[in-house]
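Hi everyone, thanks for having me. Let's take a short walk through one structure together, and please have it open on your screens.

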Amino acid sequence: MSFISSPAIRLRFIQVMSWCRGHPVRASLALILTALLLLDQIFPPPIPRDEPGMVVVARDGTPLRAWPDADGVWRFPVTPDKVSEKYLDALLTYEDRWFYWHPGVNPLALSRAAWQWLRHGEIVSGGSTLSMQVARALEPVPRSLSGKLQQIARALQLEIRLSKREILTLYLNHAPMGGIVEGVEMASRSYLGKSASQLSAAEAALLVVLPQAPSRLRPDRHPARAQLYRDKVLKRMAQLKHWTPAEVDDALIEKVGANPPRLAWLAPLAAERLRQAVKRKKVKAVGSETTIVQSTLDREVQTLLERMLADKVSQLPRFVSMAAMVMDNKSMEVLGYAGSADFSDERRFNHVDMVRGIRSPGSTLKPFLYAMALDDGLIHSESLLADTPQSFSGYDPGNFQANFSGPVSVSEALQRSLNVPAVDLLDRVGASRFTARLSSAGLRLRLPKDASPNLSVILGGAGTSLEELVGAYRSLAMAGMAGAPRITPDAPVREARMMSAGAAFIIRNILETGGHPDQPFVEDDGSGVRLAWKTGTSYGFRDAWAVGVSGRYTLGVWVGRPDGTPNPGFFGANVAAPLLQQIAFALPRSQVPQSQPTEVSSAQICWPLGTAAEQTAATHCHVKRSAWILKETIPPTLPDRLRARSLLENIWIDPQTQLRTTPACNPQAQQHEVARWPSLLEAWLSPQRKQELGLVAWSADCPQLNVVGSIKLMGLNQGSRLRAAPGKQNVIVSLDAVGGSGQHYWLLDGKQTENANGKKRQSFIINTSGAHSITVIDAAGHVDSVGFVVDKRD
């Protein structure tokens with residue numbers, strides 16, 4: 001009995017053989033049955049099993065992209081319970097009313113068809129059952145007597161092997177619908193743009209009759225003929241009283257028309273990613289004839305994303321591509337995934353998926369650094385930082401705008417994406433420790449071979465992907481927990497702590513509103529969207545980024561050339577950020593209120609010391625600011641890099657001149673305690689401001705002791721008094737910088753001059769009277785200043 005593969009058939013065969021034992025007639029029947037079973041096993045029906053096609057579907061089951069099977073046929077698998085009841089009713093009524101009763105062949109229908117053929121000399125009705133039509137669809141045969149007999153034999157084989165539901169399912173998926181389209185679901189989506197579960201009576205009748213002559217009745221090519229045959233089905237349904245006359249009359253009014261079969265692909269690169277994952281068995285799929293891959297993508301969000309990228313990319317030079325991702329913060333499910341700007345444009349590297357491409361992230365890592373420093377207790381949101389020229393063991397970072405701002409707060413440095421404060425902070429935190437924290441939270445930085453983390457990583461000196469950035473930025477919306485984006489429903493949920501909940505709140509507040517505890521609520525633009533975002537630009541304008549969180553979503557945008565060619569003038573703020581904002585404003589509204597963690601509070605702090613205002617003497621509180629702090633802790637200003645001293649310092653003042661001196665120079669000198677600014681920042685204070693703060697100039701009778709480093713201004717003595725030459729309105733001061741290294745930066749009265757061009761000699765035109773100062777700073781942060789007074793003109 002081993003030649004019978006089906007257990008059900010084997011059991012039935014044993015029962016029949018038992019019934020036939022001992023009876024000659026029955027034995028003859030048994031021999032015939034055995035012969036038929038042998039033939040069935042030798043020539044089994046071609047039930048499809050191997051080399052299936054594939055369809056990737058959105059979260060609601062609608063197809064995103066499909067691949068044909070081995071024969072090049074487009075098919076979308078469906079079961080009877082997923083098809084419109086109207087379609088099933090029309091199909092079984094018009095094609096095979098006795099489907100559930102006959103054994104695969106309807107003798108009455110065949111007899112009628114044969115009589116009509118003999119009488120008219122041509123085929124009037126085929127007499128084929130649905131089982132016979134399935135047999136012909138699976139194994140095409142010529143329209144002849146021998147072909148009909150073969151079709152009948154195959155139908156009987158199917159009936160023996162399969163249930164009625166399985167046969168009906170085969171018909172729904174293999175009925176020819178014109179060209180390379182097979183099955184009711186694919187036909188419905190291709191011709192009508194909807195699922196077969198949503199068919200109207202007229203549409204159901206059209207798809208019922210289409211397989212009778214798929215080429216002649218295609219609604220996109222022969223709508224009039226298709227409508228004529230469709231109407232026959234409708235009238236037959238009314239005649240047999242399956243549908244009411246009123247329902248049929250309404251359906252008859254509906255015109256037939258369709259576009260050529262063409263699947264509008266959505267998320268083509270995300271779908272390709274899932275197809276490859278299925279091949280590597282890293283993603284589960286269902287289905288045998290056509291593999292169905294379920295994704296988390298939202299069809300509306302994906303359509304919105306692709307439309308916005310298409311609108312934007314038309315304004316960009318050729319070869320420039322874009323990528324974008326939208327993720328649900330709570331579930332980490334990817335709702336929108338655009339790996340390239342235009343999948344149809346090969347010039348824009350359409351097949352390169354830049355959601356996963358490894359590129360320099362520019363400044364997008366800075367929020368995580370400031371969060372780490374917050375958790376380490378190094379800073380609060382208004383800690384005083386130095387945006388000045390500095391050198392870190394030969395590494396001399398500059399700002400994107402090629403100038404410096406002097407004293408800035410943490411909030412200002414992060415919002416304005418200043419480079420030097422970030423490098424300074426990373427030097428204190430530790431580059432290796434920082435990259436290890438990112439990696440443990442799912443944001444892995446790729447370094448050149450054999451390279452170790454260094455200070456450049458905070459400015460984009462390592463590679464990562466848009467997907468990993470989106471997962472990391474999720475921590476700003478989810479109490480510090482980063483998460484790996486999930487593109488399939490059964491993907492594992494992977495979360496890791498990137499920062500504390502308190503640090504996440506403070507960093508998000510800075511990026512969203514500016515980080516002002518005394519002004520926590522900022523009026524939005526009427527869109528109802530609060531977006532906390534950060535931009536980044538890689539070296540040489542190769543990559544432009546914008547990543548952020550908005551209520552329910554984390555989203556990110558990348559713009560550039562996949563081949564790494566620079567795009568001068570393209571940076572995060574002018575190309576990526578506007579698109580990010582447009583996407584955020586267009587997404588379905590779902591604001592999630594941000595609650596303030598218990599470990600976060602606000603406090604008044606003082607510059608330059610960085611201490612609490614209530615614990616700082618009024619004369620030492622030069623600037624008062626409102627700051628976010630963690631765990632009631634207020635870290636002081638970071639240690640001075642150039643001078644190992646406390647910011648609180650005792651100085652001596654000449655009681656006669658009110659200038660600075662020493663007891664050695666003037667025994668009558670009076671001691672005062674003053675709050676000093678970090679050495680790099682005092683140069684940015686104007687003479688008037690220094691006077692107000694008690695940081696007075698040195699007396700000419702006492703040598704100046706505050707020069708830091710190996711640079712010296714020559715050409716003017718400290719405390720000189722100048723007056724315009726007769727007939728002139730202005731005073732011209734020319735100075736030389738002796739020593740120093742690298743580029744030189746010049747300041748007049750605490751403000752950087754934009755026309756200095758890094759020269760070691762600089763001339764200044766002074767047109768106002770009073771106290772002035774000129775400062776020079778080299779690339780290493782060495783500084784020297786000279787103060788002078790311009791007298792009024794006579």
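Before we start, one term: a residue counts as buried when its relative accessible area is under 20%. Keep in mind, too, that this is a predicted model.

With that term in hand, let's go to helix H18, which covers residues 466-473. How many of its residues are buried? Eight of its eight, so to speak a full house, and the helix is mostly covered. You can click through them: Leu-466, Glu-467, Glu-468 and Leu-469 are buried, and so are Val-470, Gly-471, Ala-472 and Tyr-473.

Next, the aromatic rings. The structure holds six aromatic pairs, and I'd like to show you two of them. A pair of rings is described by the distance of the centres and the angle of the planes.

Take Phe-404 and Tyr-745. Their ring centres are 4.9 Å apart and their planes stand at 85°, so this pair is edge-to-face; the cut-off for that name is over 60 degrees. Where do these two residues sit in the chain? Phe-404 is in the loop between strand E8 (384-387) and strand E9 (406-409), while Tyr-745 is in strand E23, residues 744-748. They are 341 residues apart, and the pair links distant parts of the chain. Both Phe-404 and Tyr-745 are buried.

Now the second pair, Trp-746 and Phe-764. Here the centres are 5.9 Å apart and the planes are at 55°, so the pair is tilted. Trp-746 belongs to strand E23 and Phe-764 to strand E25, residues 761-766, with their positions 18 residues apart in the numbering. Trp-746 and Phe-764 are both buried as well.

Rings can also have a charge over them. The charged end of Lys-164 sits over the ring of Phe-99, 4.7 Å from its centre. Likewise, the charged end of Lys-232 sits over the ring of Tyr-229, at 4.5 Å from the ring centre.

Last stop: empty space. A search of the whole structure turns up two cavities of 30 Å³ or more. The largest one holds about 130 Å³ of space. What lines this largest cavity? There are 15 lining residues, and Ala-386, Asp-424, Arg-428, Pro-639 and Pro-678 lie nearest the centre. Strand E8, helix H16 (419-429) and helix H21 (679-682) each supply at least two residues of that lining. By class, the lining has eight nonpolar, three polar and four charged residues.

That's my tour, thanks for listening!

How values were computed
Residues are numbered from 1 along each chain as its sequence is written. This is a predicted model: local features need pLDDT of at least 70, side-chain atom pairs count only at pLDDT 80 or more; totals for chains, interfaces and linings use all residues. Side-chain values use heavy atoms; hydrogens and water are left out. Buried means under 20% relative accessible area, exposed over 50%, partly exposed in between (1.4 Å probe, protein chains only). Helices (H or I, at least four residues) and strands (E, at least two) are DSSP runs, numbered from the N terminus. Rings of Phe, Tyr and Trp (its six-membered ring) pair if their centres lie within 6.5 Å; planes under 30 degrees apart count as stacked, over 60 as edge-to-face and the rest as tilted. A charge sits over a ring if NZ of Lys or CZ of Arg is within 6 Å of the ring centre and within 35 degrees of the ring normal. On a 1 Å grid over the protein atoms alone, a cavity is a set of points where a 1.4 Å probe fits but cannot get out, and a pocket is an open set with protein on both sides within 12 Å along at least five of seven lines; lining residues have an atom within 4 Å of a point. Grid points are joined across faces, edges and corners, and a volume is the space filled by probe spheres set on the points. Ala, Val, Leu, Ile, Met, Phe, Trp, Tyr, Cys and Pro count as nonpolar, Asp, Glu, Lys and Arg as charged, and the others, Gly among them, as polar.
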